[in-house]
Amino acid sequence: MISGKNIVLGVTGSIAAYKAAEIASQLTQAGAKVNVIMTKAATEFITPLTFRSLTGRPVVTEMFDITSEMSVEHVALAQAADIVVIAPATANIIAKIAAGIADDMLCGTVLATKGPVIIAPAMNVNMYENPVTQENLSKLRARGFTIVGPASGWLACGETGMGRLADIDEIIGTIRQVLGRKGDLAGKRIVVTAGGTQEPLDPVRHISNRSSGKMGYALAEAARDRGAQVVLITAPTTLPKPVRTEVINVGTAQEMYEVIVIKKAVAQADALIMAAAVADYRPAKVSESKIKKVTDTLTMELERTPDILGTVEGSFIKVGFAAESENLIANARAKLLQKGLDLIVANDITAPDSGMGADTNQVVIIDRDGKVDELPLLPKREVADRVLDKVVELLNKR
Ligand SMILES: Cc1cc2nc3c(=O)[nH]c(=O)nc-3n(C[C@H](O)[C@H](O)[C@H](O)COP(=O)(O)O)c2cc1C
């Protein structure tokens, strides 16, 4: 989504201006052409040289500097921009944009662009909570601007409260989502499950599996970046929540079943992609107190968990995952038929660098017609996009 895009990054006179250097760096590394516009106040906090070095491009600081190649046409950057991002955005620039003022290159560019605009406010808590700032932000929201953050926490002025610049990951994730709004999943609702369920034995122990959640989270982010509205139903993982997706946390297979089948989280969905490693069995009895170390051996009875994929009903595309250690294709095909899936993504969990916990995955995608697509070892994000290509194909056939 970001590669090849023309991004205007506006930096204003906030103490958080130094954080914009990381944003410029990450966007440049992701392949964007980043044109930084700094307000005069921003140059008091961080030098244009920093952005010049990180982006490899000239930095605009003046509207009337005839020596700068960028100032030839005062609306040139606005016209070329795929997106304008102001991070950090001061109370002052927010007020100026809300009022339609164009007395510097940054607010002039915002006024002249037809592209989407993201604003990441950063300021003192009282400045943020001041009704005039709130009114200005409401005006911008109503006009279609995307506001990210601010976050709550310690502020440079010594106070604690709302006003910290949103996390860089949240800002970058929002840029991806806004750029992807017109993607091939625009207007679609995709439900993704992820992570390994945890089935309790007693108050402090559980049975689980090695699923990291990386494949499901990659699917959720990839679907978001292609324009989908994403619901991620996740068992516990250590991963950060994907930005701008709806996240529902569950612990056990039963809880996942209740969210999907009973509460019908998939009722309006166009596709359900079950990448979670849901336990097949759980302890038949959960001890109310901690099981003590008193005997040499301990036998425990397990019972089947509910079959989510087998029972969920609806007209959405159903995609399952099969983690297999033998007879990969035959077992996956059997699961596809047995559970009435449209697609199954099978991975050989014994292969190196593939399957649970890895950042890469080698999978075979099998469809209902028996077509088998064997993919090479790829980063999970790329696997996610290849799976979504198939989902888009199926959705387009409907
Ligand atoms: C040390 C210092 C830190 C500041 N931090 C912020 C801030 O985080 N947010 C904000 O809205 N203004 C902050 N200001 C005030 C702005 O710099 C001031 O309103 C300026 O006119 C903003 O100009 P600009 O919006 O054109 O960048 C700060 C000022 C100083 C001296």
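A residue is counted as buried if 20 or more other C-beta atoms lie within 10 Å of its own, and in this predicted model that criterion is met in helix H4 by Ala 91, Ile 93, Ile 94, Lys 96 and Ile 97. The buried residues of H4, which spans residues 91–99, are covered by elements that include strand S3, helix H5 (105–112), strand S4 (117–121), helix H6 (125–129) and helix H7 (131–142). H4 is followed by Gly 100, whose phi is positive, near 80°.

Helix H4 also takes part in the surroundings of the ligand, since it gives the most to the shell, with 3 residues. The ligand has 15 residues around it, and those that come nearest are Gly 13, Ser 14, Thr 39, Ala 41 and Thr 90. By residue class, the shell is made up of 9 nonpolar and 6 polar residues, with no charged residue among them.

In helix H1 (residues 19–29), the buried residues are Lys 19, Ala 20, Ile 23, Ala 24 and Leu 27. Viewed down the axis of H1, these buried residues fall within an arc of 145°, and they therefore line one face of the helix. This can be set beside the general geometry of such elements: an α-helix has 3.6 residues a turn, so residues three or four places apart point the same way. The buried residues of H1 pack against strands S1 (6–11), S2 (33–38) and S3 (83–89), as well as against helices H2 (48–55) and H8 (168–179). Just after H1, a positive phi of about 100° is found at Gly 31.

On the scale of the whole chain, the assignment gives two domains, with domain 1 covering 6–179 and domain 2 covering 189–397. Their centres, taken over C-alpha atoms, are separated by 39 Å. The contact between them takes 6 residues from domain 1 and 6 residues from domain 2, and on the side of domain 1 that touches domain 2 there are 3 polar and 3 charged residues but no nonpolar ones.

The largest nonpolar core has 61 residues, and those with the most contacts inside it are Ile 190, Val 192, Leu 219, Ala 223, Met 256, Leu 272 and Val 319. Helix H9 (residues 214–225) gives the most to this core, with 7 residues. A second, separate core has 56 residues, including Ile 7, Leu 54, Ile 175 and Leu 179. When residues up to four places away in sequence are not counted, Met 256 touches Thr 193, Thr 197, Ile 233, Ala 235, Val 250, Ala 276, Val 278 and Ile 308.

Notes: Residues numbered from 1 in each chain as written. Predicted model: local features only at pLDDT ≥ 70, side-chain atom pairs only at ≥ 80, totals over all residues. Near = placed C-beta within 6 Å. Helix = DSSP H or I, 4+ residues; strand = E, 2+ residues; numbered from the N terminus. Nonpolar A, V, L, I, M, F, W, Y, C, P; charged D, E, K, R; others polar. Buried ≥ 20, exposed ≤ 12 C-beta atoms within 10 Å, placed from the backbone. Arc of directions from axis to C-beta. Contact = placed C-beta atoms within 7 Å. Core = buried A, V, L, I, M, F, W, Y, C linked by C-beta atoms within 7 Å. Domains from an automatic or database assignment.
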